[in-house]
Amino acid sequence: MTDVEKAWHLFMVTLNQDPCTLTCYKKTITGIPFVYVSPSSPNIERTMIEDSLKKAAASAMKGKRLTLSMSFVREHEALYVYRVRFLVPQQKMFCCGNMCIDCIRFQ
């Protein structure tokens, strides 16, 4: 299991246990992951849902070299849809011979 798969699993588990969310699930459409979140009560605002998403993502990314890309897509009745991606940083895989300070030889 890769770091991204572990992060997704922990993210979804943490989000489903959050008191602000009633249910949430992930759906991948044309290779892009979308997270569907249903709030636990009608009084919960979109900002509270976004805070829950960010906290769950932070705990999922802890100890891993990942970054979060999240954007609101739409709201349909009592369901919020977000595009969420965990991005892996690009890393050099070989020495190009230019004596770069971040050369793979120094790792």
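Me: Which residue in strand 4 is the bridge partner of Tyr36?
Reply: This is a predicted model, so local features need pLDDT of at least 70, side-chain atom pairs count only at pLDDT 80 or more, and totals for chains, interfaces and linings use all residues. Residues are numbered from 1 along each chain as its sequence is written, and side-chain values use heavy atoms, with hydrogens and water left out. Strand 2 (residues 32-39) and strand 4 (residues 79-87) run antiparallel, joined by 4 bridges (helices, H or I of at least four residues, and strands, E of at least two, are DSSP runs numbered from the N terminus). In strand 4, Tyr36 has as its bridge partner Val81.

Me: What is the order of the strands in the open sheet?
Reply: The sheet has 4 strands, with antiparallel pairing (two strands pair if DSSP finds at least two bridges between them). Strand 1 and strand 3 each have a single partner strand, so they stand at the edges and one side of each lacks a neighbour in the sheet. The order is 1-2-4-3.

Me: Which residue stands opposite Phe72 in strand 4?
Reply: Strand 3 (residues 67-76) pairs with strand 4 in the antiparallel sense, over 9 bridges. One of the facing pairs is Glu75 with Tyr80. For Phe72, the residue opposite is Tyr82.

Me: Is Glu77 buried or exposed?
Reply: Glu77 sits in the loop between strand 3 and strand 4. These two strands form a hairpin with 2 residues between them, and Glu77 in the turn has a positive phi of about 55°. Buried means under 20% relative accessible area, exposed over 50% and partly exposed in between (1.4 Å probe, protein chains only). With a relative accessibility of 68%, Glu77 therefore counts as exposed.

Me: How far apart are Glu77 and Ser38 in space, C-alpha to C-alpha?
Reply: In sequence, 39 residues separate them. In space, the C-alpha to C-alpha distance is 9.5 Å.

Me: Within what arc do the buried residues of helix 1 fall?
Reply: The buried residues are Ala7, Trp8, Phe11, Met12 and Leu15. Looking down the axis, they line one face of the helix, because their arc (taken from the directions from the helix axis to the C-beta atoms) is limited. On the other side, His9 and Gln17 are exposed. The arc is 125°.

Me: At about what angle does helix 1 run to strand 1?
Reply: The buried residues of helix 1 pack against strand 1 (21-29), strand 2, helix 2 and strand 4. Axes are lines fitted to C-alpha atoms, for helices over the stretch in contact, and angles run from 0 to 180 degrees between N-to-C directions. Helix 1 lies across strand 1, strand 2 and strand 4, and its angle to strand 1 is about 150°.

Me: Which element gives the most residues to the largest nonpolar core?
Reply: That core (buried Ala, Val, Leu, Ile, Met, Phe, Trp, Tyr and Cys residues joined through side-chain atoms within 4.5 Å) has 21 residues, and Phe11, Leu15, Val35, Leu53 and Phe86 have the most contacts inside it. Helix 1, strand 2, helix 2 and strand 4 each give two or more residues. The top contributor, with 6 residues, is helix 2.

Me: Which residues does Glu50 contact, leaving aside neighbours within four places in sequence?
Reply: Glu50 lies in helix 2 (residues 46-61). Its relative accessible area is 17%, so it counts as buried. Contact means heavy atoms within 4.5 Å. With those neighbours left aside, Glu50 is in contact with Met70, Phe72 and Tyr82.
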